[in-house]
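Colleague: Could you walk me through this model in plain terms, as I would like to get my bearings before looking closely at one part?

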Amino acid sequence: MNGLVLLFVLFHVSCDDDVPVENRNALNPEIFFESLSQVEAAVNASYNQFQIVYQRNGYVFPDAMSDEVVSSGDPNFAPFNRFEFNATLENIAQYWTACFNGVGACNFVIGNEERMRENTSLGNFTQGDIDNALGQAYFLRALYYYHLVKRFGGVPLKLDIATALEDTPRSTADQVYDQMIADLILATQLTLPKGTTEVGRVTKEAAYALLGKIYLHRERYAEAKQAFDNVTNHSLLPIENYRDNFSESGEHNDESMFEVGYNGEVGTEQERWAQTGIGTSEVTFHSQDYTGWANARPSSKVIAEFEDDDPRLNQAILIDGTNNYGPGEAFQFPCPGCVGGPVWYKFSQLYDNVDVSENSGVNVRIMRYADVILMQAEVELNLNNNQGAIDFLNQIRDRAEMPRYGTATMDARGYPVNTSEQIFNAIVHERFVELSGEQQRFDDLVRWNLDDQELSIFPDANFNNPDESLRLIRNYDPNVHRVMPLPQNELDSNTAIGEGDQNPGY
């Protein structure tokens with residue numbers, strides 16, 4: 001049943017020894033929220049489920065469905081790469097459950113605001129501590145719903161703890177987006193600025209960035225611009241430190257806006273692969289999947305998108321034995337145990353180590369400042385400020401030490417920016433290379449209505465073959481595959497959702 005939060009994780013994260021517990025699986029708020037450590041424990045539980053989401057499925061779904069990845073045939077990737085998935089797949093149910101458990105954890109914090117405020121006279125925390133706790137919970141609830149609405153469309157809106165166990169019908173996608181916006185507006189008012197809160201926690205800047213992103217996706221460009229204008233205290237890393245955006249040693253840098261944290265700790269072998277969060281919530285399989293086993297290889301299409309002199313290519317993808325990797329670029333690819341290139345360098349352990357393993361502690365970067373700048377370019381274009389859009393694009397080009405848009409060099413390369421259409425093409429190109437392998441491309445293509453054009457053929461070596469008979473046709477249907485099916489176990493258990501509520505085509 002959706003919305004059933006695993007409240008026992010609060011005790012796993014942090015808890016005072018003297019807190020009386022009536023039921024380890026059902027936390028009673030009447031005997032909680034009496035100290036700062038308890039408030040923080042409840043908030044920490046709101047983050048926990050993202051570790052489960054990005055242990056695997058959070059990156060598998062959007063990447064495999066994009067044109068950046070070609071699957072090796074691994075059953076976790078192949079159905080999504082080929083658009084052959086259905087409602088009974090276990091990993092779809094895992095993703096749904098983790099997101100709704102996260103929503104439930106956020107609701108536990110939000111729903112106990114009154115109790116927390118009453119207890120400030122008894123505890124060692126302040127009204128400001130409560131504001132920050134609530135701001136984090138509102139942001140995280142919006143982010144969980146962002147992951148749900150992008151993958152499933154309209155989903156049940158679970159907004160309070162009193163009805164957490166009640167069956168809830170689907171809301172429309174518009175209703176879900178409206179709720180996300182309302183949550184994020186509160187988050188911008190309640191969270192603390194970067195540098196004034198613990199590293200890794202939601203900041204005011206991250207809240208404005210996600211709010212701006214949602215406004216952009218809803219084509220509310222003036223509001224998006226206003227939100228992005230409030231994103232301060234961040235900067236692009238110089239190109240010599242670009243790898244810090246994807247490495248374990250470079251986590252929480254000035255370009256990073258929000259990360260899902262991992263540290264590489266695991267439980268038993270059975271727990272490792274269960275994707276339940278027990279024993280494995282501190283590891284992600286991304287490095288092994290994308291680099292060691294190459295279950296999701298970078299496509300020929302994304303490699304070809306990089307300009308020949310773009311230094312970002314060698315920091316994103318390892319192609320063959322001409323590539324060096326690791327600290328000081330001291331090692332020659334392929335790495336020991338790797339299957340050979342091309343493989344993803346991004347988010348692998350190879351920036352800091354000679355090899356990869358299943359137990360990666362590399363944090364997932366949910367949003368970084370480069371994404372914000374590129375979204376600002378898109379916003380300015382849609383507000384008819386063409387020069388403003390070009391200026392934002394050139395911030396990304398300057399960091400990469402690449403020729404600027406609006407120069408003869410870029411005109412000759414096929415990227416003039418004399419018209420709005422040409423500027424849009426430059427934005428598409430720049431997002432493709434800058435954010436490759438970062439779970440952005442599929443949703444970008446859908447937003448731009450380019451998904452049918454770009455996803456209908458496999459992005460392998462034949463993606464641009466002039467002989468159409470040599471192109472491998474994917475099963476992509478924009479009327480079906482922009483979203484995944486609701487999991488079958490939800491249809492079976494939720495009496496408020498029936499087979500007739502399933503997404504079309506499934």
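What radius of gyration would a compact globule with 506 residues have, and what does the chain have? After that, please take a close look at one helix pair: which residues in α2 meet residues in α5?

Modeller: Happy to help. This is a predicted model, in which local features need pLDDT of at least 70 and side-chain atom pairs count only at pLDDT 80 or more, while totals for chains, interfaces and linings use all residues. Residues are numbered from 1 along each chain as its sequence is written, and side-chain values use heavy atoms, with hydrogens and water left out.

To your first point: a compact globule with 506 residues would have a radius of gyration near 23 Å, and the chain agrees, at 23 Å. That radius is taken over C-alpha atoms, and the globule rule is 2.2 Å times the number of residues to the power 0.38. Along the principal axes, the C-alpha atoms fill a box of roughly 70 × 50 × 45 Å. The chain has 21 helices and eight strands; these are DSSP runs numbered from the N terminus, with helices being H or I over at least four residues and strands being E over at least two. Of the 506 residues, 59% count as buried, where buried means under 20% relative accessible area, exposed means over 50%, and partly exposed lies in between (1.4 Å probe, protein chains only). Contacts (heavy atoms within 4.5 Å) also reach across the sequence: among those between residues at least 6 apart, 67% join residues at least 24 apart.

Now the close look. Helix α2 spans residues 36-53 and helix α5 spans residues 90-110; their axes come within 8 Å and cross at roughly 170°. Axes here are lines fitted to C-alpha atoms, for helices over the stretch in contact, and angles run from 0 to 180 degrees between N-to-C directions. The two helices α2 and α5 are therefore roughly antiparallel to each other, a label for angles over 145 degrees (under 35 is roughly parallel, 65 to 115 roughly perpendicular, the rest oblique).

On the α2 side, the residues that meet α5 are Ala-42, Val-43, Ala-45, Ser-46, Gln-49, Ile-52 and Val-53. Their partners in α5 are Tyr-95, Ala-98, Cys-99, Asn-101, Gly-102, Ala-105, Cys-106, Phe-108 and Val-109. By class, this contact has twelve nonpolar, four polar and no charged residues. Nonpolar covers Ala, Val, Leu, Ile, Met, Phe, Trp, Tyr, Cys and Pro, charged covers Asp, Glu, Lys and Arg, and the others, Gly among them, are polar.

The loop that leads into α2 is worth a look too. Ser-35 lies in this loop, between α1 (9-13) and α2, and counts as buried at 10% relative accessibility. The side chain of Ser-35 makes a polar contact with the side chain of Ser-37, at 3.0 Å. A polar contact is a pair of N or O atoms within 3.5 Å; within protein, one must be able to donate a hydrogen and the other to accept it, and residues adjacent in sequence count only if both atoms are side-chain atoms. Phe-33 is in the loop between α1 and α2 as well, and is buried with a relative accessible area of 0%. The phi of Phe-33 is near 60°, a positive value in a residue other than glycine. For context, most residues other than glycine have a negative phi.
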